[in-house]
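Please open the model in your viewer and keep the sequence panel beside it. This tour goes from one selection to the next, and at each stop it tells you what to look for.

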Amino acid sequence: MGGEVPDVRLTHEVLIGSPVETLADAAEHALAVVVGRRGRGGYSGMRLGSVVHGLLHRAHCPVITVPAE
């Protein structure tokens, strides 16, 4: 992991439920939600998985996707 960034608050939680609903609810007051993607989902033209696709429609903040290495 990289060095610490003093202006960035990082928390860890394990939640149970639908990934889209759980992430959208957790990001309700966030400035953005960042999620990883593998590019192997059912939306081949967009290369987005179902979770990212669902968040784009459900989240009330920008959704940032980070491709897997």
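The stops below follow the salt bridges and the residues that form them.

Before selecting anything, note that this is a predicted model, in which local features need pLDDT of at least 70 and side-chain atom pairs count only at pLDDT 80 or more, while totals for chains, interfaces and linings use all residues. Residues are numbered from 1 along each chain as its sequence is written, and side-chain values use heavy atoms, with hydrogens and water left out.

Start with Arg-58, which lies in helix α2 (residues 50-58), and then add Glu-21 in helix α1 (residues 19-26); helices here are DSSP runs of H or I with at least four residues, numbered from the N terminus. The two residues form a salt bridge, with their closest N and O atoms 2.9 Å apart, where the term means a side-chain nitrogen of Lys or Arg within 4 Å of a carboxyl oxygen of Asp or Glu. This pair ties together parts that are 37 residues apart in sequence.

Next, keep Arg-58 selected and add Asp-25, with which Arg-58 forms a salt bridge whose closest N and O atoms are 2.9 Å apart. Asp-25 is in helix α1 and Arg-58 in helix α2, so this pair links distant parts of the chain, 33 residues apart.

Finally, show Glu-21, Asp-25 and Arg-58 together, since salt bridges that share partners join them into one network. The count of salt bridges by this rule is two.

Terms used: Helices (H or I, at least four residues) and strands (E, at least two) are DSSP runs, numbered from the N terminus.
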